[in-house]
Amino acid sequence: MHPALAPVVIVFGTAASYVLGMQIGVPELVPVLNVLPAFPFMIASLRRGRVGEAIGRMLIWAAALAVCSTAASYLSPVETASLFIRGDAYRREMFLFVLTGQGREGEIRQFLPQHLGHAAIFSGLALATGSVLAMPLGALLMNYMGHYVGALASASLHPWRAIALAWVPWAIIRVASFVTLGVVLGAPVLSRVARFEYRLRDQRRWMVLAIAGLLIDIVLKWALAPWWRLWIKAAAGW
């Protein structure tokens with residue numbers, strides 16, 4: 001396959017994974033199905049020594065996850081509430097925060113341990129399994145975030161504005177950082193299985209960018225979340 005076609009296959013394959021997931025109706029399978037269209041392209045890039053290309057392809061995949069999970073939840077919020085693991089719980093948590101300002105989202109002492117825990121678990125799974133388990137975890141996180149945004153838009157007076165605001169900039173930075181970690185930390189195991197040359201110590205630039213992104217995410221969320229929610233609330237018309 002021509003490399004230029006990879007993004008198209010990733011996007012359409014990811015969209016198809018949601019359709020298939022809805023047909024099967026098993027929540028635990030959805031993140032696995034989500035990963036299948038993109039993972040071979042990541043490996044193909046790594047085998048050619050193109051780490052940046054592998055990260056770029058997986059960023060396209062993450063964007064497709066965001067669009068598809070948001071659209072599915074906007075169109076069918078009740079169905080995706082049970083299909084996306086932790087979807088409804090996260091929606092309730094975020095709706096409460098948007099309405100009242102109460103909850104983990106606006107309090108660094110509550111959200112920081114969760115962020116650090118997610119990053120540690122994701123990174124550990126990437127190193128241990130060649131990202132075979134890390135990327136589905138990333139898809140799971142993306143899906144329940146997308147469910148909140150889609151359900152919010154479905155309940156909003158200005159759905160497009162609500163979507164644009166609810167996918168907050170610090171969350172986008174966090175997603176990009178996780179994707180980068182998943183590719184870079186997963187490659188050592190993949191290189192042994194698929195027999196290609198790869199040295200983790202050569203990827204310091206990507207590691208620094210990913211860690212910096214996670215730090216920026218925390219700082220921006222701490223500084224902006226309490227009043228950013230007011231913009232989201234206004235877009236929702238609540």
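**Asp88 and its arginines**

I started at Asp88, which comes out partly exposed, with a relative accessible area of 24%. This is a predicted model, so I am reading computed geometry throughout. I looked for charged partners and got two. Asp88 forms a salt bridge with Arg92, with 2.6 Å between the closest N and O atoms. Asp88 also forms one with Arg91, where the closest N and O atoms are 3.0 Å apart.

Where do Asp88 and Arg92 lie? Both are in helix H6, 4 residues apart, about one turn of the helix. Arg91 and Asp88 are both in helix H6 too, 3 residues apart, again about one turn. I jotted down the reminder that an α-helix has 3.6 residues a turn, so residues three or four places apart point the same way. Arg92 is partly exposed, at a relative accessible area of 47%.

Arg91 has something else going on. Its charged end sits over the ring of Phe95, 5.0 Å from the ring centre.

**Other salt bridges**

How many salt bridges does a search of the whole structure find? I got 11. One of them joins the side chains of Arg199 and Asp202, at 2.8 Å from N to O. Arg199 is partly exposed at 41% relative accessible area, and Asp202 is partly exposed at 43%. I also noted a network of salt bridges that links Arg48, Arg50, Glu53 and Arg57.

**His147**

Next I went to His147, which sits in helix H8. Buried or exposed? His147 has 0% relative accessibility, so it counts as buried. I then checked what its side chain does there. There is a polar contact of 3.0 Å to the side chain of Thr80, and another of 3.2 Å to the side chain of Ser73.

I listed the contacts of His147, leaving aside neighbours within four places in sequence. They are Ser69, Ser73, Pro77, Thr80, Ala81, Phe84, Gly87, Asp88 and Arg91. That brings me back to the opening entry, with Asp88 and Arg91 both on the contact list of His147.

**Aromatic pairs**

I ran the ring search over the whole structure and it returned 10 aromatic pairs. One of them is Phe95 with Tyr148, edge-to-face, 6.3 Å centre to centre and 70° between the planes. The pair links distant parts of the chain, 53 residues apart: Phe95 is in helix H6 (residues 87-100) and Tyr148 in helix H8 (residues 134-154). Phe95 and Tyr148 are both buried.

I looked at Trp170 and Trp228 as well. Their ring centres are 5.5 Å apart and the planes are at 75°, so this pair is edge-to-face. Trp170 belongs to helix H10 (residues 169-194) and Trp228 to helix H11 (residues 204-236), so the pair ties together parts 58 residues apart in sequence. Trp170 and Trp228 are both buried.

Which residues do ring pairs link into a cluster? I found Tyr90, Phe95, Tyr144, Tyr148 and Trp238. An arginine attends this cluster at Tyr144: the charged end of Arg86 sits over the Tyr144 ring, 4.9 Å from its centre.

**The nonpolar core**

Then I turned to the nonpolar residues. The largest nonpolar core has 69 residues. Which have the most contacts inside it? They are Met42, Leu46, Trp61, Met135 and Tyr148. Helix H8 gives the largest share of this core, 13 residues. For context I wrote down that in soluble globular proteins, nonpolar side chains tend to be buried together.

I followed Trp61 a little further. Not counting residues up to four places away in sequence, Trp61 touches Ile10, Thr14, Asn34, Val35, Ala38, Met135 and Ala139. Met135 on that list is also among the core residues with the most contacts.

**Helix H9**

My last look was at helix H9 (residues 159-166). Which of its residues are buried? I get Ala162, Ile163, Leu165 and Ala166. The buried residues of H9 pack against helix H4 (51-75), H8 and H11. So H8 turns up again in my notes: it packs against H9, carries His147 and Tyr148, and supplies the largest share of the core.

Note on methods:
Residues are numbered from 1 along each chain as its sequence is written. This is a predicted model: local features need pLDDT of at least 70, side-chain atom pairs count only at pLDDT 80 or more; totals for chains, interfaces and linings use all residues. Side-chain values use heavy atoms; hydrogens and water are left out. Rings of Phe, Tyr and Trp (its six-membered ring) pair if their centres lie within 6.5 Å; planes under 30 degrees apart count as stacked, over 60 as edge-to-face and the rest as tilted. Helices (H or I, at least four residues) and strands (E, at least two) are DSSP runs, numbered from the N terminus. Buried means under 20% relative accessible area, exposed over 50%, partly exposed in between (1.4 Å probe, protein chains only). A charge sits over a ring if NZ of Lys or CZ of Arg is within 6 Å of the ring centre and within 35 degrees of the ring normal. A nonpolar core is a set of buried Ala, Val, Leu, Ile, Met, Phe, Trp, Tyr and Cys residues joined through side-chain atoms within 4.5 Å. Contact means heavy atoms within 4.5 Å. A polar contact is a pair of N or O atoms within 3.5 Å; within protein, one must be able to donate a hydrogen and the other to accept it, and residues adjacent in sequence count only if both atoms are side-chain atoms. A salt bridge is a side-chain nitrogen of Lys or Arg within 4 Å of a carboxyl oxygen of Asp or Glu.
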